[in-house]
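Visitor: Hi! I'm new to this one and would like a walk through it. Could you show it to me?

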Amino acid sequence: MTSGNTMIYPGTFDPLTKGHLDIIERAARLCDRLYVCVMYNPAKQTVFTPEERAGMAKRCVEAAGIDNVMIDSYPGLLVDYMKQHEARAVVRGLRSESDLRYEQEMATANRILYDQYEVVFLASRPELSYTSSSIVREVASLGGDISGMVPEAIQAEVEARFKEDSYAQQQ
Ligand code: COA
């Protein structure tokens, strides 16, 4: 239970990207407390476990020196997490028109589940609007340079996972 102006930034974060970190930094300035919550999206098969994704998010936030951000993970519904934390709103980043369509669907469903559901959209920085977790995974799995896409704090960990995977496949 928390009080004050709390917001939640939910996502799969598989892994967290520079685009996500930019949204975290900007959202943290709009509230007293921001929960970055690693959540479950049944439509996605993830490379990193929830614990690994949360750990990477924590390292990025610590390295960026943002102190009103908490990292968490939750296996249930976003609206239930929101109620538990008495959060005023959820934050989501918008990169493109297709993000908007997807976000509108989710917002509508969440509002049906919880009539006090509110979402704030932050426009992605243009230079980061082509970054996505799946592009990071694809580039890393092919041994490419991901330094422009993921925060430095987790670059080595992401690269190491894909090196392990390609080594395992060769055995
Ligand atoms: N910068 C870079 N990439 C961004 C981005 C940004 N600012 N904003 C979104 N993305 C990308 C991500 O990289 C990711 O890319 P990928 O699909 O290539 O992997 C994609 O957009 C979206 O991922 P992400 O922001 O990590 O979250 P999500 O859309 O998978 O999150 C949940 C969806 C977790 C919020 C939603 O499934 C949820 O609420 N789950 C909980 C269960 C629930 O309540 N379900 C009912 C929902 S109606």
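Guide: Happy to! Let's begin with Glu62, which is exposed, with a relative accessible area of 52%. Keep in mind that this is a predicted model.

Visitor: Okay, and which residue forms a salt bridge with Glu62?

Guide: That is Lys58, and the closest N and O atoms of Lys58 and Glu62 are 3.1 Å apart.

Visitor: Where do Lys58 and Glu62 lie?

Guide: Both are in helix α2, which covers residues 50-64. They are four residues apart there, about one turn of the helix.

Visitor: And how does Lys58 count, buried or partly exposed?

Guide: Lys58 counts as partly exposed, at 43% relative accessibility.

Visitor: How many salt bridges does the count come to?

Guide: The count comes to nine. One of them joins the side chains of Arg137 and Asp14, at 3.5 Å from N to O. That pair links distant parts of the chain, since Arg137 is in helix α5 (residues 133-141) and Asp14 is in the loop between β1 (6-11) and α1, 123 residues apart.

Visitor: Is Asp14 buried or exposed?

Guide: Buried, with a relative accessibility of 3%. Its partner Arg137 is partly exposed, at 23% relative accessible area.

Visitor: What about Arg111, which residue does it form a salt bridge with?

Guide: With Glu118, where the closest N and O atoms are 3.7 Å apart. Arg111 is partly exposed at 37% relative accessible area, and Glu118 also counts as partly exposed, at 41%.

Visitor: Which residues are linked in a network of salt bridges?

Guide: Asp22, Arg26 and Arg125 are. Asp22 and Arg26 are also among the buried residues of helix α1.

Visitor: Tell me about α1, then. Why is α1 described as largely enclosed?

Guide: Helix α1 runs over residues 18-28, and nine of its eleven residues are buried, so it is largely enclosed by the rest of the structure. Besides the two I just named, the buried ones include Gly19, His20, Leu21, Ile23 and Ile24.

Visitor: Which residue caps the N-terminal end of α1?

Guide: Thr17 does: one of its side-chain oxygens lies 3.2 Å from the backbone nitrogen of Gly19.

Visitor: Changing topic: how many aromatic pairs does a search of the whole structure find?

Guide: Four. In one of them, the rings of Tyr35 and Tyr81 have their centres 6.2 Å apart and their planes at 85°, so the pair is edge-to-face. This pair also links distant parts of the chain: Tyr35 is in strand β2 (residues 33-39), Tyr81 is in helix α3 (residues 78-84), and they are 46 residues apart.

Visitor: Are Tyr35 and Tyr81 buried or exposed?

Guide: Tyr35 counts as buried at 8% relative accessibility, and Tyr81 counts as buried at 1%. There is another pair to look at, Phe48 and Phe162: their ring centres are 6.4 Å apart and their planes are at 75°, so this pair is edge-to-face.

Visitor: Where are Phe48 and Phe162 in the chain?

Guide: Phe48 is in the loop between β2 and α2, while Phe162 is in helix α6 (residues 152-170). They are 114 residues apart, so to speak of the pair is to speak of a link between distant parts of the chain. Phe48 is buried, with a relative accessible area of 1%, and Phe162 is buried at 8%.

Visitor: Going back to the tyrosines, which of them form one aromatic cluster?

Guide: Tyr35, Tyr74 and Tyr81.

Visitor: Now cysteines. How many disulfides does the count come to?

Guide: Zero. Cys31 is in no disulfide, and the nearest cysteine sulfur, that of Cys37, is 14 Å away.

Visitor: Why no bond for Cys37?

Guide: Because the closest cysteine sulfur, in Cys31, is 14 Å from that of Cys37, which is too far for a bond. Cys37 counts as buried, at 0% relative accessibility, and Cys31 counts as buried at 8%.

Visitor: One last spot: where is Gln116?

Guide: Gln116 is in the loop between α4 (97-113) and β5 (119-123). Gln116 is exposed, with a relative accessible area of 56%. Its C-alpha atom is separated by 15 Å from that of Leu77, with the two residues 39 apart along the chain.

Technical notes: Residues numbered from 1 in each chain as written. Predicted model: local features only at pLDDT ≥ 70, side-chain atom pairs only at ≥ 80, totals over all residues. Heavy atoms only, no water. Disulfide = S-S within 2.5 Å. Buried < 20%, exposed > 50% of the residue type's maximum accessible area, 1.4 Å probe, protein only. Polar contact = N/O pair within 3.5 Å; in protein donor to acceptor, adjacent residues only side chain to side chain. Salt bridge = Lys/Arg side-chain N within 4 Å of Asp/Glu carboxyl O. Phe/Tyr/Trp six-rings, centres within 6.5 Å; stacked < 30°, edge-to-face > 60°.
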